[in-house]
Amino acid sequence: MEEAKTVSRYELGMIGLGVMGRNLLLNMADHRFPVAGYDRDPAKVEAFLKEGANHDVSGSSELPAFIALLKKPRAVMMLVPAGSAVDSVINELLPLMDPGDLIIDAGNSDYKDTDIREKALYAKGIWFMGMGVSGGEKGARYGPSIMPGGRPEAYERVRSILEASSAKVNGEPCVTHVGPGSAGHFVKMVHNGIEYALMQLISESYDLMKRGLGLGNRELERVYKDWNGKELSGYLMEITGDIFGRKDPETKKDLIDEIKGAAAQKGTGMWTSESAMELSVPTPTIDVAVAMRNLSVLGDERATASLNFPRPVSVYKGDSDEFVKKLKSAMYGSMLLIYSQGISLLSVASSHHGYGLDLEAIARIWRGGCIIRAAILEDIRTVYRRSPSLPNLLLDPVFSKIVFEHQENVRWVATESIKIGIPVSAFLSTLSYFDAYRSEWLPSNLIQAQRDFFGSHTYERTDRKGVFHTDWDES
Ligand code: NDP
């Protein structure tokens with residue numbers, strides 16, 4: 001038995017048996033793929049072998065021994081922290097690999113690093129894929145959404161193992177080869193940007209119902225569970241309902257009230273905003289979601305400022321039930337506008353980076369397994385099936401009709417929130433995005449005039465073609 005385990009026959013090897021690596025590897029083993037694991041920490045290898053004891057698994061905490069377990073040409077996946085750990089794993093692997101072997105970076109790497117790594121490794125005869133995985137610990141264990149990028153031939157080598165271990169919606173696997181080079185990591189980055197914006201929006205709805213309407217945690221639990229049953233349904237809504245029902249085992253109080261309001265981040269939201277700015281794509285709600293996480297950690301400053309500006313928030317005086325009804329519709333409208341922003345970034349990046357993204361396929365693989373999975377994605381998929389090269393969802397007549405039906409409630413909620421002093425930057429930014437995007441005229445002519453006034457930057461005219469400059473000092 002021991003000898004059989006040392007034969008080079010394992011189809012895939014995983015480096016990094018942390019939260020994601022261990023669970024994804026066990027998931028692959030569940031689907032009857034012989035797989036091997038490596039971690040620097042022998043205890044993690046032992047724990048993996050124990051958990052996978054009923055499957056065809058092996059592992060080692062020695063890299064050469066681990067590599068010797070793998071079938072040639074080898075497929076090695078890594079789930080280690082983004083950044084220098086990925087480079088250090090690649091450098092350790094290189095002397096042990098042969099031309100034609102495949103390395104897959106399945107962590108949340110910066111897509112720009114992925115492009116550099118792919119080119120450098122390809123020059124050495126090693127295949128490299130940057131792959132996004134979403135779904136957290138449970139998703140990795142029981143079926144994540146998987147966004148692999150890189151050369152299509154490389155994808156074909158691991159296609160069956162990825163399809164088997166991904167989430168399924170109506171029998172369709174939530175994985176597809178999204179595009180060449182860094183496409184997989186770019187799509188995962190935008191997924192996370194959308195996730196940031198949705199989480200900010202949901203947290204604002206919580207604030208409105210808690211401080212604005214005075215609802216308690218039991219009522220909040222009921223509202224979010226009710227919302228999750230309808231068109232708003234999705235993973236984030238589902239876990240939000242569960243969170244309000246959870247008690248702290250130590251204090252026996254509601255756990256949510258024991259958690260400090262300082263939101264952490266690992267950078268993917270910021271990268272999405274940066275990339276959007278680089279490509280001149282407006283994604284204001286993702287930008288504001290990053291900004292609000294940054295503001296949330298300024299706890300001491302906020303505490304001091306709260307003394308300078310007493311009683312900033314007042315309670316809503318109208319009908320609470322009516323407010324919650326309108327808030328639900330506003331949530332839906334704003335969520336549609338968040339997906340519109342994120343997917344418009346994918347559309348521009350697809351041509352700019354030569355990814356050739358199939359937006360229908362991306363909506364399809366986001367319907368299951370991932371953190372932003374939601375009923376809305378089925379409708380978004382239908383839009384892109386109808387019009388594959390649509391630059392923005394707001395240009396689709398059916399989708400825009402739905403947004404239009406809900407935008408009045410976004411406006412109503414935003415107005416009432418301003419009156420009672422509750423910060424709702426996600427709602428406000430989706431509304432302004434909508435109002436600006438649907439406006440044929442914008443006041444940017446004044447900006448052009450100002451630029452030409454102080455910097456002779458020139459401007460274009462509405463009545464004729466060409467570039468013009470005015471001597472503004474001349475009266
Ligand atoms: P963990 O911290 O749980 O695990 C990371 C693993 O990487 C550990 O086993 C660690 O080994 C190993 N490691 C770290 N540095 C090195 C190195 N230099 N050489 C070799 N091994 C190393 O992280 P996660 O599993 O949560 O995350 C892994 C990746 O997946 C990250 O890129 C993350 O952003 C991404 N991701 C995480 C999600 C999540 O929900 N957690 C969801 C989607 C993606 P050791 O035991 O020696 O410390």
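Which residues have the most contacts inside the largest nonpolar core?

**Before starting.** I am working with a predicted model, in which local features need pLDDT of at least 70 and side-chain atom pairs count only at pLDDT 80 or more, while totals for chains, interfaces and linings use all residues. I number residues from 1 along each chain as its sequence is written, and side-chain values use heavy atoms, with hydrogens and water left out.

**Entry 1, the cores.** I looked up the largest nonpolar core (buried Ala, Val, Leu, Ile, Met, Phe, Trp, Tyr and Cys residues joined through side-chain atoms within 4.5 Å, where buried means under 20% relative accessible area with a 1.4 Å probe, protein chains only). I found 82 residues in this core, and those with the most contacts inside it are F186, M209, W227, W366 and I380. Helix α15 (residues 320-352; a DSSP run of H or I, at least four residues) gives the most to this core, with 15 residues. Domain 1 (3-181) and domain 2 (188-437) both give residues to the core, so it lies between them; these bounds come from an automatic or database domain assignment. I then noted a second, separate core of 32 residues, which includes L25, M131, I161 and A164.

**Entry 2, F186.** Not counting residues up to four places away in sequence, I find that F186 touches Y111, S275, L279, L345, L346, A349, H353 and Y355, where contact means heavy atoms within 4.5 Å.

**Entry 3, the third domain.** The assignment also gives domain 3 (445-475), and I noted that the C-alpha centres of domain 2 and domain 3 lie 39 Å apart.

Definitions and conventions
Buried means under 20% relative accessible area, exposed over 50%, partly exposed in between (1.4 Å probe, protein chains only). Helices (H or I, at least four residues) and strands (E, at least two) are DSSP runs, numbered from the N terminus.
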